[in-house]
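Colleague: I have a model open and would like a close look at one part of it. Could you walk me through that part and then show me how the surroundings fit together?

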Amino acid sequence: MLSKRIIACLDVRDGNLAKSIKFVETKDIGDPVAKAREYYEDGLDELVFYDITASSDKRNIMLDVVESVAKQVFIPFSVGGGIRSVEDANKLLWAGAEKINVNSAAVQRPDLIDECSHAVGAQNVVLSVDIAQVDVSDRVPSGYEVVINGGRTPTGRDAIAWVIEGEQRGAGELVVNSIDADGTREGYELKLTRMVAESVSIPVIASGGAGEPEHLYDVLTEGKADAALVASMVHYGDYTVSGLKRWLSNKGIKVRLKY
Amino acid sequence: MERIVLAIVDYDAGNLRSVQRACQHVGISDAEITADPERVRVADKVIFPGVGSSESAVVTLQARGLDDALTEYYHSGKPLLGICLGSQIVLDHSEEGDKECLGLLAGRVKRFQLADASLKVPHIGWNSVDIVRDHPVLRNIKSGDEFYFVHSYFVEPADEATVYGRTNYGGEFCSMLGRNNLFTTQFHLEKSGRLGLGILDAFKEWDGTLPC
């Protein structure tokens with residue numbers, strides 16, 4: 001039987017590890033390569049790096065980070081942030097990423113998903129979607145709207161329609177990130193995660209809001225997620241990856257315990 | 001230090017550098033990514049990796065003359081390790097694109113047809129492997145250990161005696177396969193942490209023979 005995955009998300013800015021709170025403030029909290037290695041040795045199943053470097057002339061720093069991680073960490077990892085073309089995707093895969101992660105650029109130009117999927121294979125293309133809860137309307141019948149640019153810009157797109165389109169265009173996995181829950185540590189957006197999981201047939205990774213082990217349990221059961229993304233709850237040392245996995249295992253969730 | 005010339009077969013199917021890095025990590029410093037059939041023929045060890053579609057992969061292998069090189073290499077008796085797509089192409093035939101494959105081992109490649117709608121295809125993530133019979137490359141792992149899978153098709157060998165491992169995903173499928181000097185894993189051992197590297201480390205020491 002397939003295990004549920006615990007995935008750690010590392011935001012990287014100018015080569016340093018950063019953590020955002022409600023997508024707005026960010027502060028640097030260390031070396032992403034050392035952190036990746038620490039989590040790998042502690043039994044993490046997968047890693048996601050988001051490059052939040054603002055200036056494009058510093059983008060190559062991320063390629064160095066990816067190269068260093070790939071030499072030391074032998075679990076899958078994806079990289080997102082700033083991917084606008086197949087060329088960008090190929091650079092990251094060549095540097096050692098297993099998968100690439102597209103978000104705002106795919107909303108602005110949906111063909112990016114088809115192009116990347118065709119060029120590098122659907123299994124290597126992760127579609128990340130930042131989602132905000134809004135009033136139900138004709139344009140947004142699910143009550144969940146896709147937002148871009150770190151949650152600042154509403155798009156008028158219905159989130160459920162977008163994830164279905166994303167799968168059809170060739171995304172191999174989905175990250176569902178609730179910007180309402182992100183950074184709150186009050187739990188994942190269960191209703192949203194479940195709606196997405198029931199709308200697509202590709203794996204769904206829940207993101208945003210994890211603060212307690214119970215939150216992971218809830219999203220992997222009630223939320224129907226295949227994987228749970230964690231960030232601040234492990235970055236600041238409140239919980240360890242291995243501790244979370246043991247806790248989930250004791251609650252009857254199948255996770256990988258031997259590594 | 002003993003030098004090992006290991007060839008990683010390049011047929012435009014996936015991230016071969018991940019395999020090369022994993023080789024370097026277990027001490028195979030001169031693992032070479034190559035699309036040259038001559039390099040494959042003369043290598044002491046060969047890894048046949050790959051992700052993606054077997055349909056286009058077989059076309060590329062043929063165009064580069066790598067299909068014949070791999071077949072010759074296999075018949076030389078030297079160790080050959082197939083990973084993921086590489087574990088599928090060594091069989092006779094794949095449902096994917098209804099394609100004839102290398103035929104080093106009798107069997108077919110089939111797509112998952114799962115009755116349980118909650119099980120997704122591709123099968124992505126960590127799953128456990130039950131070891132069916134011992135093999136020199138499995139000396140560092142135990143039955144039930146978990147490895148990282150990404151695939152929509154699985155192998156169905158004709159001969160049960162070639163099955164070394166099984167995995168459950170809406171039913172059992174063969175996740176490790178072997179015959180003579182050939183051993184394959186459906187999972188990505190290069191992305192499966194310390195235990196995956198353990199298989200590679202044992203492959204480094206394997207001479208291609210099986211204990212009687």
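Colleague: In β8(A), which residue is the bridge partner of Ile131(A)?

Modeller: Happy to help, and please keep in mind that this is a predicted model. In β8(A), Ile131(A) has Val146(A) as its bridge partner. That bridge belongs to the pairing of β8(A) with strand β7 of chain A, residues 125-133, which is antiparallel and runs over four bridges. Strand β8 itself spans residues 144-148 of chain A, and four of its five residues are buried, so that the strand is mostly covered.

β8(A) also pairs with strand β9 of chain A, residues 153-158: three bridges join the two, again in the antiparallel sense. Here Val147(A) is the residue to look for, since its bridge partner in β9(A) is Pro154(A). The two strands β8(A) and β9(A) make a hairpin with four residues between them. Within that turn, Asn149(A) has a positive phi of about 55 degrees.

From β7(A) we can step to helix α5 of chain A, residues 111-120. The buried residues of α5(A) are Leu112(A), Ile113(A), Cys116(A), Ser117(A) and Val120(A). Viewed down the axis of α5(A), these buried residues fall within an arc of 125 degrees, so they line one face of the helix. They pack against β7 of chain A, and also against α3, β6 (99-102), α4 (104-108) and α6 (159-169) of that chain. Just after α5(A) comes Gly121(A), with a positive phi of about 95 degrees.

One of those packing partners, α3(A), leads on to a helix pair. Two packed helices are described by the angle between their axes and the distance between the axes. For α2(A) and α3(A), the axes come within 8 Å and cross at roughly 35 degrees. On the α2(A) side the contact is made by Leu63(A), Val66(A), Glu67(A) and Ala70(A), and on the α3(A) side by Lys91(A), Leu92(A) and Ala95(A). By character, the residues of this contact divide into five nonpolar, no polar and two charged.

The two helices also take us to the neighbouring chain. In the interface, 25 residues of chain A are in contact with 28 residues of chain B. Both α2 (60-72) and α3 (86-95) of chain A supply at least two residues each to the side of chain A that touches chain B. The residues on that side of chain A divide into 11 nonpolar, six polar and eight charged. From chain B, Arg17(B) touches Trp94(A) and Gly96(A), leaving aside residues up to four places away in sequence. Arg17(B) lies in helix α1 of chain B, residues 16-25. Arg17(B) has 17 C-beta neighbours inside 10 Å and so counts as partly exposed. The C-alpha atoms of Arg17(B) and Glu32(B) are separated by 9.6 Å, with the two residues 15 apart along the chain.

Back in chain A, another helix is worth a look. In α8 of chain A, residues 213-221, the buried residues include His215(A), Leu216(A), Val219(A) and Leu220(A). Seen down the axis of α8(A), its buried residues fall within an arc of 125 degrees, so they line one face of the helix. Among the elements that cover them are α7 (190-199), β11 (204-207), β12 (227-230) and α10 (241-250) of chain A.

For the wider setting, in soluble globular proteins, nonpolar side chains tend to be buried together. In this model the largest nonpolar core has 152 residues, and those with the most contacts inside it are Ala8(A), Leu47(A), Ile100(A), Leu174(A) and Ala228(A). Strand β1 of chain A, residues 5-13, gives the most to this core, with six residues. If you centre your view on Leu47(A) and leave aside its neighbours within four places in sequence, its contacts are Ile7(A), Ala8(A), Leu10(A), Ala36(A), Tyr39(A), Val73(A), Ile75(A) and Phe77(A).

Finally, chain B has a covered strand of its own to set beside β8(A). Four of the five residues of β11 of chain B, residues 153-157, are buried, so the strand is largely enclosed by the rest of the structure. β11(B) pairs with strand β7 of chain B, residues 107-111, in the antiparallel sense over five bridges. In that pairing, Val109(B) has Val155(B) of β11(B) as its bridge partner.

Note on methods
Residues are numbered from 1 along each chain as its sequence is written. Chains are lettered from A and ligands numbered from 1 in the order in which they are written. This is a predicted model: local features need pLDDT of at least 70, side-chain atom pairs count only at pLDDT 80 or more; totals for chains, interfaces and linings use all residues. A residue is buried if 20 or more other C-beta atoms lie within 10 Å of its own, exposed if 12 or fewer, and partly exposed in between; C-beta atoms are placed from the backbone. The arc is that of the directions from the helix axis to the C-beta atoms. Two residues are in contact if their C-beta atoms, placed from the backbone, lie within 7 Å. Ala, Val, Leu, Ile, Met, Phe, Trp, Tyr, Cys and Pro count as nonpolar, Asp, Glu, Lys and Arg as charged, and the others, Gly among them, as polar. Two strands pair if DSSP finds at least two bridges between them. Axes are lines fitted to C-alpha atoms, for helices over the stretch in contact, and angles run from 0 to 180 degrees between N-to-C directions. A nonpolar core is a set of buried Ala, Val, Leu, Ile, Met, Phe, Trp, Tyr and Cys residues joined through C-beta atoms within 7 Å.
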